[in-house]
Amino acid sequence: MLLLRRLAGAARRRGLAARGLASGAPREAADAVVVGAGVVGLAVARALAMAGREVVVVEAGPSFGTGTSSRNSEVIHAGIYYPPRSLKARLCVRGKEMLYKYCAERGVAHKQLGKLIVATGAAETGKLDMLLRNANENGVNDLQLMEGSQAMELEPELRCLKALLSPSTGIVDSHSFMLSLLADAENLGTTISYNTAVIGGQVGYEGLELHICESKELQNHPVGSHVTPQLVLLPKLLINSAGLSAVPLAKQFHGLDQAFVPNPHYARGCYFTLSQTKSPFSHLIYPLPEDGGIGVHVTIDLNGQVRFGPDVEWLDGGEDPVSCFLNRFDYSVNPTRCSVFYPVVRKYFPNLKDGSLEPGYSGIRPKLSGPGQPPSDFVIQGQDIHGITGLVNLFGIESPGLTSSLSIAEHIVSRYL
């Protein structure tokens, strides 16, 4: 079988010995295994390879970045919103610095456009002051508080009473960034296996065991039935960077105390594109944060295309691990949702014309807090927390995950190697 030959052959090339057979599935030793080839998984694989580890990346999809990493705003965040001393705050601020430097050195397309966070009603202006204080505590010291007239001089189509200008916010070509990370990792000897699903694992007598099968084997598998692994990997270090399926995978890991595995929540966000070719804005425009997100905002891609989104639609589901492993989420965009977008966007862009919004795309956010709950932090969980040597779980890596990807990798290497 191609999957077994590829991974087993990679292990033999590294000089790692096979450790026998169990339940009919070959068992192969591995040094470091990263589950998930999203932007964070690729950044972690690259960092581990740079640190001298022999890395295998296992990805259930047919290519890299097919989940959350390719369905977001592609914004380089400044670190404004997150609670001081939180992982999100620290890793976003550090990650922003690392990302701009990496993109400049590697020729990855990006622009430091800047963004305006706007207050459109009198009751909102005080919240800008709170955001300014929060950003300062996070080490983001370049924000400028503006009167509405100043902001509207910068952006004539904008309407607001006050605004915060964030000069260090930008955009990046996320696909090119991931492609560059992948090239770095592969040049350092990393092996990547697509269409390869991790269906569970356990703490066995030889240490960590990772149960693997080809993704196609799961396609018609009955819900709730046992899936037999086709390969068992025995890694010294295992990074669960599976994004939307990180929590479901941890729930299938025998020997991990489930008290350390949070409950997942999933929020779909839809984007609508502006049909007019010329952008009405030169900066990103953000309203104040809302429940579950940071509001339906204006982003501009590197081709000048304007998008509005994402909104927040809480989803049921996630209980079936196989569906999560195969990314069977509904990514369709209901065209009628634009009826919600128009009044929200017109609060700061009153000249938005009827019929000018077209369905774009949607993404799913892997959240650890549900409707009405305060936003949760990133969870990066190693032996010091759950007690299992060599296992690192990454839970709730939503925004600012793209911005923080390099610093998340740096954090893992510095703390868990």
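This note goes through a predicted model point by point, from strands and helices to single residues.

1. Strand S8. This strand covers residues 162-166, and 4 of its 5 residues are buried. Strand S6 (residues 115-119) is joined to S8 by 5 bridges, and the two run antiparallel. Within that pairing, Ile117 has Leu164 of S8 as its bridge partner. Strand S7 (residues 144-147) is also antiparallel to S8, with 4 bridges between them. Here Glu147 is matched with Lys162 of S8 as its bridge partner.

2. A three-stranded sheet. The strands S4, S9 and S5 form an open sheet in the order S4-S9-S5, and the pairing is antiparallel. Strand S4 (75-76) and strand S5 (110-111) each have a single partner strand, so they stand at the edges and one side of each has no neighbour in the sheet. Between S5 and S9 there are 2 bridges. His110 has Val172 of S9 as its bridge partner.

3. Helix H6. This helix runs over residues 174-187, which is 14 residues. From its first C-alpha to its last it reaches 20 Å, close to the 20 Å expected at 1.5 Å a residue. Its buried residues are Ser174, Phe177, Met178, Ser180, Leu181, Leu182, Asp184 and Ala185. What lies over them includes helix H2 (39-50), helix H3 (87-106) and helix H11 (401-416), together with strand S9 (170-172) and strand S10 (191-193).

4. The two ends of H6. At the N-terminal end, Asp173 acts as a cap: one of its side-chain oxygens is 3.2 Å from the backbone nitrogen of His175. After the helix comes Gly189, which has a positive phi near 100 degrees.

5. Helix H3. One of the elements covering H6 is H3. Its 20 residues should span 28 Å at 1.5 Å a residue, and the end C-alpha atoms are 27 Å apart, which agrees. Just after H3, Gly107 has a positive phi of about 70 degrees.

6. Aromatic rings. How many aromatic pairs does a search of the whole structure find? The search finds 7. In one of them, Phe281 and Phe349 have ring centres 5.1 Å apart and planes at 70 degrees, so this pair is edge-to-face. The two residues are 68 residues apart in the chain: Phe281 is in the loop between strand S15 (265-274) and strand S16 (284-286), and Phe349 is in the loop between helix H9 (338-345) and strand S20 (357-367). Phe281 and Phe349 are both buried. Together with Phe308 they form one aromatic cluster.

7. Charges over rings. Which residue lies over the face of Tyr331? Arg71 does, at 4.0 Å from the ring centre. In a second case, Lys115 lies over the face of Tyr286, at 3.7 Å from the ring centre.

8. Two buried polar residues. Asp31 is in strand S2 (residues 25-35) and counts as buried because its relative accessible area is 11%, under the 20% limit. Its side chain reaches the backbone nitrogen of Glu54 at 2.9 Å. Asn240 is in strand S13 (residues 231-240) and is also buried, at 2% relative accessibility. A polar atom of the Asn240 side chain lies 3.4 Å from the backbone nitrogen of Ala242. Leaving out residues up to four places away in sequence, Asn240 touches Val35, Ala246, Leu249, Ala250, Val392, Asn393, Leu394 and Phe395.

9. Cis peptide bonds. Most peptide bonds are trans, and most residues other than glycine have a negative phi. The bond from Gly309 to Pro310 is cis, with omega near -5 degrees. Pro310 sits in the loop between strand S18 (306-309) and strand S19 (313-315). The bond from Ser399 to Pro400 is cis as well, with omega near 10 degrees. Pro400 is in the loop between strand S22 (391-395) and H11.

10. Positive phi outside glycine. Arg85, in the loop between S4 and H3, has a positive phi near 70 degrees. Is Arg85 buried or exposed? Arg85 is exposed, because its relative accessible area is 68%. Asn327 has a positive phi near 55 degrees and is found in the loop between helix H8 (321-325) and H9. At 23% relative accessibility, Asn327 counts as partly exposed.

Terms used
Residues numbered from 1 in each chain as written. Predicted model: local features only at pLDDT ≥ 70, side-chain atom pairs only at ≥ 80, totals over all residues. Heavy atoms only, no water. Buried < 20%, exposed > 50% of the residue type's maximum accessible area, 1.4 Å probe, protein only. Pairing = 2+ DSSP bridges. Phe/Tyr/Trp six-rings, centres within 6.5 Å; stacked < 30°, edge-to-face > 60°. Lys NZ or Arg CZ within 6 Å of the ring centre and 35° of its normal. Expected span 1.5 Å × (residues − 1). Contact = heavy atoms within 4.5 Å. Polar contact = N/O pair within 3.5 Å; in protein donor to acceptor, adjacent residues only side chain to side chain.
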